[in-house]
Amino acid sequence: MSYVVKAMCYLDDHGNGKPSLSQAKKHDDYELADAAAKVCGGRVVEIIDKKDRKVVRTKIEPKKEQESKKANQA
């Protein structure tokens with residue numbers, strides 16, 4: 001897993017703020033990201049990779065047509 005530091009925006013390699021997550025510096029260790037976050041007053045955000053993400057699909061059943069019900073004495 002990768003971690004990035006966020007302080008109002010994402011921080012790049014030089015400590016400059018970037019608006020996009022793709023431009024942010026990715027840390028492999030949580031401890032390094034936490035140390036950088038303490039220095040700049042930010043917080044650590046965990047990145048979930050696409051290969052780690054699980055897709056949950058639900059089965060959609062077609063609606064059955066309801067038959068008209070008759071009364072008992074019909």
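## Exercises on a predicted chain

In this predicted model, Asp12 is buried but forms no salt bridge, and Lys18, the nearest side chain of opposite charge, lies 4.2 Å away.

### Exercise 1: the surroundings of Asp12

Determine where Asp12 sits in the chain and which atoms and residues its side chain meets.

Step 1. Locate the residue: Asp12 belongs to the loop between S2 and strand S3 (17-18).

Step 2. Test the pair with Lys18: a salt bridge requires a side-chain nitrogen of Lys or Arg within 4 Å of a carboxyl oxygen of Asp or Glu, and the separation between Asp12 and Lys18 is 4.2 Å, so this pair is not counted.

Step 3. Look for backbone partners: the Asp12 side chain reaches the backbone nitrogen of Asn16 at 2.7 Å, and it also reaches the backbone nitrogen of His14 at 3.2 Å.

Step 4. List the contacts beyond the sequence neighbourhood: once residues up to four places away are set aside, Asp12 touches Lys18, Gln23 and Lys25.

### Exercise 2: the salt bridge

Find how many salt bridges the rule yields, and describe the setting of the residues concerned.

Step 1. Count: the rule gives one salt bridge.

Step 2. Identify the pair: the side chains of Asp34 and Lys38 meet at 3.6 Å, N to O, which is within the 4 Å cut-off.

Step 3. Place the pair in the fold: both Asp34 and Lys38 lie in helix H1, with their positions four residues apart in the numbering, about one turn of the helix.

Step 4. Classify the accessibility: Asp34 has a relative accessible area of 23% and is partly exposed, whereas Lys38, at 64% relative accessibility, counts as exposed.

### Exercise 3: two loop residues, Lys26 and Met8

Describe Lys26 and Met8 by their position in the chain and by their accessibility.

Step 1. Begin with Lys26, which is placed in the loop between S3 and H1 and which, at 40% relative accessibility, counts as partly exposed.

Step 2. Collect its partners: apart from neighbours within four places in sequence, Lys26 is in contact with Ser2, Tyr3, Val4, Leu21 and Ile47.

Step 3. Compare sequence with space: Lys26 and Met1 are 25 residues apart in sequence, and their C-alpha atoms are 9.6 Å apart.

Step 4. Turn to Met8, which is found in the loop between strand S1 (2-6) and S2 and which counts as exposed at 85% relative accessibility.

Step 5. Examine the backbone: the phi of Met8 is near 70°, a positive value in a residue other than glycine. Most residues other than glycine have a negative phi.

### Exercise 4: the chain as a whole

Summarise the order of the elements, the burial, the contacts and the confidence of the prediction.

Step 1. Read the elements: the chain holds one helix and four strands, arranged from the N terminus as β-β-β-α-β.

Step 2. Take the burial and the surface: 16% of the 74 residues count as buried, while the chain exposes about 7100 Å², of which carbon and sulfur atoms supply 48%.

Step 3. Consider sequence separation: among contacts in the chain with a separation of 6 or more, 51% come from residues 24 or more positions apart.

Step 4. Check the confidence: the mean pLDDT of the chain is 81, with 86% of its residues reaching 70 or more. Among the elements, helix H1 (residues 30-40) has the highest mean pLDDT, 91, and strand S2 (residues 10-11) the lowest, 85. Predicted coordinates should not be read in detail where pLDDT is low.

Methods: Residues are numbered from 1 along each chain as its sequence is written. This is a predicted model: local features need pLDDT of at least 70, side-chain atom pairs count only at pLDDT 80 or more; totals for chains, interfaces and linings use all residues. Side-chain values use heavy atoms; hydrogens and water are left out. Buried means under 20% relative accessible area, exposed over 50%, partly exposed in between (1.4 Å probe, protein chains only). Contact means heavy atoms within 4.5 Å. Accessible areas come from the Shrake-Rupley method with a 1.4 Å probe; for residues, only the protein chains shown count as cover. pLDDT is the predictor's confidence in each residue, from 0 to 100. Lys and Arg count as positive and Asp and Glu as negative; His and the chain ends are not counted. A polar contact is a pair of N or O atoms within 3.5 Å; within protein, one must be able to donate a hydrogen and the other to accept it, and residues adjacent in sequence count only if both atoms are side-chain atoms.
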